[in-house]
Amino acid sequence: MSVPPLVARGLAVSIGGQTVVRDFDLAVQAGECLAILGRNGAGKTTLLHTLAGLRPADAGQVELAGETYARLGPHRAARGRGLLLQHQGDAFPASVLETVLVGRHPHLSRFAWEGAEDGRIARAALAAVGMSEFAEREVHTLSGGERQRVAIAALLAQRPQVYLLDEPLAHLDLNHQIAILGLFNKLARQEGAAVAVVLHDVNLAARFCDQALLLFGDGRYSVSGIAEQLDEARLGELYGHPMRAVPDGARRWFMPA
Amino acid sequence: MPSRRRALIVLALLFALALASVCLALAVGSLALPLGAVWEALRGQGDGLAQEVVQGLRLPRALAAFACGGLLALAGALMQVLLRNPLADPYVLGISGGAAVGALAAMLLGVGLNFGIEAMAFLGALSAMLLVFGLAHGDGSWSQARLLLTGVIVAAGCGAAVALMLSVAPEHKLRGMLFWLMGDASHATDPWPPLLVLAGGLVVALFFARDLNLLSRGAQLAATLGASVGRLRLTLYFLASLLTAAAVTSVGSVGFVGLVVPHLVRLAVGNDQRVLLPAAVLAGGALLALADTLARTVVAPQQLPVGVLTALIGVPVFLFLLARAPRVEVS
């Protein structure tokens, strides 16, 4: 079997004195989508940033297609994995297309300018998130959900193999939530991308993901297939609120009791 | 899409503007010369007096003013990226405060002539730079807020020291000290140091230009896209500080250029640093060369401090453009 695109070995992550995970092992295979679930402050973002190589782990290591971040260096790492940040800051004015083209940075040599091909990739990314008509708009004038989709488009333009998504559904309305998760699901199925996504909606996780990582916030975690992870008792413990599963044919819908 | 063609057109226009501003500086003054005579004088022909005025007095001063304007605009643009704040200017982190303390101390104590003042100003600027860096970076952390706060506090301390020196200074030294503080190009006789620093600084900045585009969108985003953020910020800090120190050393703390020129250029060409940085150099240089020409001619034979002129020209132009351009958001 080939080397998994994203592997964590014996990882220890903590923030502000709080342990997020200890002895953490994870492998996300090509074509696979992993949901990361947990309460506020459980350390989902911290873990995701560690997996992205943005912050050092206390112990253990992360490998992208078999190579550590130290060996890859920031530039090559940026071609292998992309991270959707939770917050988009726009200190200076810029158009939507410019903002998406930033995703092409890792693919350009130092003095190269974005060429026609980069423009085509950026426009295709905008089309994929339904923002084609907004290409010339100022990012300042977008709504929260539109800005989120532009950030997703920039990530798509980056074309990594590993996608790390921190609450990609934030600010999105219902149809775009489904469309965006469907998009990443398709990237995994058809192009062999590996996706790890922080979600707050258990039912969407069940619908679009293969595996689930539950972070309990006290250093405990569990990873396995999504069907096994999602049960009333476990989710109840995860969220600190009783959950109920409602059967619907072959599916189950989870809702807070 | 940031196209190279548009960038080249804007840069060509600004280059023409910069050239025109220097030509004007050479032609205008108590001895008014037509452009033909200026050209002859530059080539060492024609009237001896014209040659001396153009080559010995006006050219060095115009070039020094141009270089310092370019330095301040470039430093301002870099500082705005470093602090991710369009309101940052080259002086916000206390560099000019340090230079002012050095220069005024030199004047007060009567150390040497021009050279002593310049050396002390540069020394002061470097001290402020290292002090702010040491305090902000002390425990290895490096946040924009901490850097900004440290810089502002050091600048405030320098301001107090300057006020103290002004209040104890003897009457006959006061005018020179005040002129220095407002920015004054009349002592700038050797344009080569600032010009060389400007050329070197621009080359270094352009080397990192696309990384700066990333950094201006946030440190985390820059890191995910492959920039070495820590190293980039260090480079930016020391580069912007050195550029500012070089400018302040030769013409004093001329205000306004470093804040407003990057802003104006951003309105015209957007925030792509590959275009913005060279454009800011040309526009800043042109503005200061022009302002200095006015400073020595408006109420001739009396000379005004050039810093007053930069503000008098810049403020209305800036407000006019701001009112016309709804896309700028100062947040």
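How many of the six residues of strand β3 (residues 33-38) of chain A are buried? Six of the six are buried, and the strand is accordingly described as mostly covered. The structure reported here is a predicted model. This report begins with β3(A) and its sheet, and then turns to a second sheet, the nonpolar core, the helices of chain B and the contact of the chains.

**Strand β3 of chain A and its sheet**

In a regular strand the side chains alternate between the two faces of the sheet. For β3(A), one side carries A:Cys33, A:Ala35 and A:Leu37, while the other carries A:Leu34, A:Ile36 and A:Gly38. Both of these faces are covered, with the named residues all buried.

The strand belongs to an open sheet of six strands in chain A, ordered β6-β7-β8-β3-β9-β10, in which the pairing is mixed. The edges are formed by β6 (81-84) and β10 (221-225) of chain A; each has a single partner strand, so one side of each is left without a neighbour in the sheet. On average, and with direction ignored, neighbouring strands of this sheet are turned by 15° against each other.

Within the sheet, β3(A) pairs in the parallel sense with strand β8 (residues 194-198) of chain A, and also in the parallel sense with strand β9 (residues 211-215) of chain A. Strand β7 (residues 162-166) of chain A likewise runs parallel to β8(A). The table lists these pairings together with one pairing from the second sheet of chain A, each with a pair of residues that stand opposite one another.

| Strand pair | Sense | Bridges | Opposite residues |
|---|---|---|---|
| β3(A) and β8(A) | parallel | four bridges | A:Cys33 and A:Val195 |
| β3(A) and β9(A) | parallel | five bridges | A:Leu37 and A:Leu214 |
| β7(A) and β8(A) | parallel | five bridges | A:Leu164 and A:Ala196 |
| β4(A) and β5(A) | antiparallel | two bridges | A:Leu64 and A:Glu67 |

Helix α5 (residues 144-158) of chain A packs on the six-stranded sheet, where the helix touches β6 and β7 of chain A. The direction of α5(A) makes about 175° with that of β6(A).

**The second sheet of chain A**

Another open sheet of chain A has four strands in the order β2-β1-β4-β5, with antiparallel pairing. Its edge strands are β2 (18-28) and β5 (67-68) of chain A, each of which pairs on one side only. Strand β4 (residues 59-64) of chain A is joined to β5(A) by two bridges. Helix α1 (residues 44-51) of chain A lies across β1 (6-15), β2 and β4 of chain A, and runs at about 135° to β1(A).

**The nonpolar core**

The largest nonpolar core has 194 residues. Those with the most contacts inside this core are A:Val100 and A:Val195. The greatest contribution to the core comes from α3(B), which gives 18 residues. Leaving aside residues up to four places away in sequence, A:Val100 touches A:Ala122, A:Ala125, A:Leu126, A:Val150, A:Ala153, A:Ala154 and A:Ala157. The other residue named, A:Val195, is the one in β8(A) that stands opposite A:Cys33.

**Helix packing in chain B**

Two packed helices are described by the angle between their axes and the distance between the axes. Helix α3 (residues 48-82) and helix α12 (residues 257-269), both of chain B, pack at an angle of about 75°, with their axes 7 Å apart. That angle makes α3(B) roughly perpendicular to α12(B). On the side of α3(B), the contact is made by B:Gly69, B:Leu72, B:Ala73, B:Ala75, B:Gly76, B:Ala77 and B:Gln80. From α12(B) come B:Val257, B:Gly258, B:Leu259, B:Val261 and B:Pro262. By class, this contact has eight nonpolar, four polar and no charged residues.

Helix α8 (residues 192-207) and helix α13 (residues 273-297) of chain B pack at about 170°, with their axes 10 Å apart. The two helices are therefore roughly antiparallel to each other. Here B:Leu198, B:Leu202, B:Ala205 and B:Leu206 of α8(B) meet B:Arg274, B:Leu277, B:Pro278 and B:Val281 of α13(B). Seven residues of this contact are nonpolar, none is polar and one is charged.

**Contact between the chains**

In the contact of the two chains, 24 residues of chain B are in contact with 25 residues of chain A. On the side of chain B that touches chain A, α9 (209-215) and α10 (219-224) of chain B each supply at least two residues. The largest share of that side, four residues, comes from α10(B). The residues on this side of chain B divide into nine nonpolar, nine polar and six charged.

Terms used: Residues numbered from 1 in each chain as written. Chains lettered and ligands numbered in written order. Predicted model: local features only at pLDDT ≥ 70, side-chain atom pairs only at ≥ 80, totals over all residues. Axes fitted to C-alpha atoms, helices over the stretch in contact; angles between N-to-C directions. Parallel < 35°, antiparallel > 145°, perpendicular 65-115°, else oblique. Contact = placed C-beta atoms within 7 Å. Nonpolar A, V, L, I, M, F, W, Y, C, P; charged D, E, K, R; others polar. Core = buried A, V, L, I, M, F, W, Y, C linked by C-beta atoms within 7 Å. Buried ≥ 20, exposed ≤ 12 C-beta atoms within 10 Å, placed from the backbone. Pairing = 2+ DSSP bridges.
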